[in-house]
Structures are given as C-alpha cells and as structure tokens.
Amino acid sequence: MGCSVCRTRLNSGRALSRVPLSFTMLLIFLYLFHCLSGFCDSAPKITDGQNLMRDHVPGKVHAVRAELRWNGTVSAHVSALSELQESENGGGESGIPVSNTYGSKRFPQAIIIGVKKGGTRALLEFLRVHPDVRAVGAEPHFFDRFYHKGLEWYRNLMPRTLDGQITMEKTPSYFVTKEAPSRLCAMNCDTKLIVVVRDPVTRAVSDYTQTRTKSPGLQSFQTLVFKNCSLGVIDTSWSAVRIGMYAQHLENWLQHFPLSSFLFVSGERLVSDPAGEVGRVQDFLGLKRIVSDKHFYFNQTKGFPCLKKPEGSSRPRCLGKSKGRTHPHIPTDVLQKLREFYRPLNHKFYQMSGLDFGWD
C-alpha cells in the first residue's frame, strides 16, 4: 500500500515536470516561427557602435589615429570594410551623414579648389599624412561636371571620418568654373577654400607640357599663346593662359565667400619649404601641427620634395611620373611678352589676397 502511494506520487511529479518543459518548447517554437516570418525586424537593435567606442575609449581612438598616420594599408582595409557594410545595408537614402561602426560620410569641410599645375596633388598628399585628415583620392569634379547627380551622390564619394577628423577633396578646375562658387555655397558657405597658386607663366608652360605629352602633335607653345604672333596679342581664350588670370577668378568667388574663407598657398614655397606651407594649412584648418620637416626630403631627380619612407614601407612616397616633367624650350621673347601680360593681373591679385608672391 505504501509503495503504491509512493509510485503514484512519483508518477504525478514526473507528469508535472513535463508540463513546463513542453510549455517552454512551445514558446521557443513560436518565437522561431515569428522571427522567420519577419516579426523580429521590429526588435530594437544596437546600431550606435561608434558612440559606444567613442564614449568608452577616446584615448584609444586617438592612439589608433596616430598609429595609422603612416599606415595607409590599415586605413584602406578599414575603408573597404566600411564600404562593404554600407553596401550590405543598402546605404543611406536621405540621412546625412550615414553612420556605422567605422565613422560617417560627411560633406567636405575644406576643399582645394585650385589651381591646375599649381601643386594641388602634392599638397593633398602631404596633408593626408595627418591622422585627422581624410580625403578623396580622385578628383570628384562635382561642382563643375557632375552637379546634376545631386548632393547625396557627392557625399557618398567622401571617405568615412570620426569626430574630430576633417573631410577634404581637391578639384583644381573649381577655381576657374563660373558656376562653382554659387553651387558650393548652396551646400555650405562656411567651407574652407584652399588655392595653390604658382607663377602664371611657369604654370602655363607646365600646363602645355602636360597636354603635349597626351597629344604629341600639338602646336608649339608660341603658336597657341598668341592670337596674332606679329602683334604679340595674348590669346586669353586658351585655357593655359586663362587659368593664370587669378584676380579675375577670385573676383567671381568673392561674390559668394568672404576673403577669410580662403587660404592661398604658394606653389613655389611648397617646393622650397613644404613643411612651412603645410604648417600654414594645418593652422588654417584648425589642426595640430603634426606634419613637419621630419616628414620630407628633397628628391634631386624629380626636383621636388617627397615624403620620407613610412614605417613598414619599402620605399618613400613620391608623386608619380606625371609630376616633374622637363619643360620644352620656349623662346625668351615669348615668355617675356607673356610675363608683361600677367604683370598687372598679378599685382591686382596681390592686392586682393593681401599676399605678394613675388612673381615679378
């Protein structure tokens, strides 16, 4: 009798223990069913990994930036991962900026707007050594060629940046494009504008040299520079001449931006004293002067400064073969007439910019 009662109680206990187990299994089944049906999409997700990292390890982030100063390979991997994540997520449709763990895509706070053959590529590469500067490698040409594609298209070209970093791009043709100032101001009238200028005579010869490399059958420099050789009238419609008329282009920009928005960099001093000119740019951008003399050496073969060998790299960083070409011989009298043409324009530019570049 006693044993019978014990067995009855034991069996009852086992039956009761199966109830919560079966109920738990049922709940798990229902949860999986709802997830597969899409109900889990509305569940809250942790998306602000960037803020978590920023809030808890700011010192480490800055240390990583400093560590990446020379390490382009790691930066490239981070950018690639960022692009992959955005493509998987479908990108941002209208939100500006688009954020993820690796930073945000922002409109540039500073743009190198000119001038062609002035030293813009060198300046950009020098600035990219700074851990707080992120820049587009290729020229976007948004405000002159691709404005119809819209601001969202433009923003998506930008690299990802963390808080405290500056987004930059360079397109030298902006300076000579009539519509560029109003278009850029429509995006942000507080954008900082950098113009690298160079002796317009030397710049014109350099421009011609580059064009002749691409078009070997090009007419001579003296044929193109004059409307009429016998009269010595300069052809201002030729782009190699027109670009060097700096005062005229600056007048167009000053209709939309105050002079304080501009920094004029000397292309000549960028060669003779790269650390000094880059230091001025760092000050203008509100950056700590990190890029200094220790980063440069003068390449006698190319005739311009290069960046010293980065840590972990087998060779120094110099600009490509397209830079530092040997100029063709131009008759002295042709150069003299061109210099006389530019002289009053140069002086007007000196007055407008507040700087005497000594080209005369």
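# Briefing: salt bridges, strand pairing, cores and disulfides

Glu277 and Arg280 both sit in helix α13 (residues 274–284), three residues apart, or about one turn of the helix. Their side chains form a salt bridge in which the closest N and O atoms are 3.1 Å apart. The model is predicted. A search of the whole structure finds 12 salt bridges and two disulfides. The points below cover some of these links, then the strands, the nonpolar cores, the annotated positions and one loop glycine.

**Salt bridges**

- In the α13 pair, Glu277 counts as buried at 3% relative accessibility, while Arg280 counts as partly exposed at 25%.
- Salt bridges that share partners join Lys116, Arg203 and Asp207 into one network.
- Within that network, Lys116 forms a salt bridge with Asp207, and the closest N and O atoms are 3.2 Å apart.
- This pair links distant parts of the chain, 91 residues apart: Lys116 is in the loop between β3 (110–114) and α5 (120–127), and Asp207 is in helix α8 (residues 200–214).
- Lys116 is partly exposed, with a relative accessible area of 32%, whereas Asp207 is buried at 2% relative accessibility.
- Lys170 forms a salt bridge with Glu139, with 2.7 Å between the closest N and O atoms.
- Here too the partners come from distant parts of the chain, 31 residues apart: Lys170 belongs to strand β6 (residues 166–170), and Glu139 to the loop between β4 (133–135) and α6 (151–156).
- Lys170 is buried, with a relative accessible area of 4%, and Glu139 is partly exposed, with 30%.

**Strand β3 and its partners**

- β3 is mostly covered, with five of its five residues buried.
- β3 pairs with β6 in the parallel sense over three bridges; in this pairing, Ile112 stands opposite Lys170 of β6.
- β3 also pairs in the parallel sense with strand β7 (residues 192–197), over four bridges; the bridge partner of Ile112 in β7 is Ile194.
- Lys170 thus appears twice in this briefing, as the β6 residue opposite Ile112 and as the salt-bridge partner of Glu139.

**Nonpolar cores**

- The largest nonpolar core has 32 residues, of which Ile113, Phe143, Phe175, Trp253, Phe262 and Phe349 touch the most other members.
- β3, α7 (180–187), β7, α11 (246–253), β10 (262–266) and α14 (332–353) each supply at least two residues of this core.
- Not counting residues up to four places away in sequence, Trp253 touches Ile113, Tyr174, Phe175, Ala180, Pro181, Leu184, Leu193 and Phe262.
- A second, separate core of 29 residues includes Phe126, Val133, Ile194 and Val291.
- Ile194 of this second core is the β7 bridge partner of Ile112.

**Helix α5 and annotated positions**

- Helix α5 is largely enclosed by the rest of the structure, because eight of its eight residues are buried.
- Among the buried residues of α5 are Thr120, Arg121, Glu125 and Phe126.
- An unreviewed UniProt entry lists positions for "binding site", including Lys117, Gly118, Gly119, Thr120, Arg121, Arg198 and Ser206.
- The same UniProt list includes Lys323, Gly324, Arg325, Thr326 and His327.
- Lys117 lies in the loop between β3 and α5 and counts as buried at 16% relative accessibility.

**Disulfides**

- Cys185 and Cys189 form a disulfide with their sulfur atoms 1.7 Å apart.
- The torsion about this S-S bond is about 80°, so the disulfide of Cys185 and Cys189 is right-handed.
- Cys185 is buried, with a relative accessible area of 16%, and Cys189 is partly exposed, with 33%.
- Cys306 and Cys318 form a disulfide with their sulfur atoms 1.8 Å apart; with 115° about the S-S bond, this link is right-handed.
- Cys306 lies in strand β12 (residues 304–307) and Cys318 in the loop between β12 and α14, so the pair ties together parts that are 12 residues apart in sequence.
- Cys306 is buried, with a relative accessible area of 1%, and Cys318 is partly exposed, with 29%.

**Gly232**

- Gly232 is found in the loop between β8 (226–228) and β9 (233–234).
- Leaving aside neighbours within four places in sequence, Gly232 is in contact with Phe226 and Lys337.
- The C-alpha atoms of Gly232 and Val334 are separated by 8.5 Å, although these residues are 102 apart along the chain.

Key
Residues are numbered from 1 along each chain as its sequence is written. This is a predicted model: local features need pLDDT of at least 70, side-chain atom pairs count only at pLDDT 80 or more; totals for chains, interfaces and linings use all residues. Side-chain values use heavy atoms; hydrogens and water are left out. Contact means heavy atoms within 4.5 Å. A salt bridge is a side-chain nitrogen of Lys or Arg within 4 Å of a carboxyl oxygen of Asp or Glu. Buried means under 20% relative accessible area, exposed over 50%, partly exposed in between (1.4 Å probe, protein chains only). Two strands pair if DSSP finds at least two bridges between them. A nonpolar core is a set of buried Ala, Val, Leu, Ile, Met, Phe, Trp, Tyr and Cys residues joined through side-chain atoms within 4.5 Å. UniProt positions are given in the numbering used here, feature names are shortened, and annotations may be inferred rather than shown by experiment. A disulfide is a pair of cysteine sulfur atoms within 2.5 Å.
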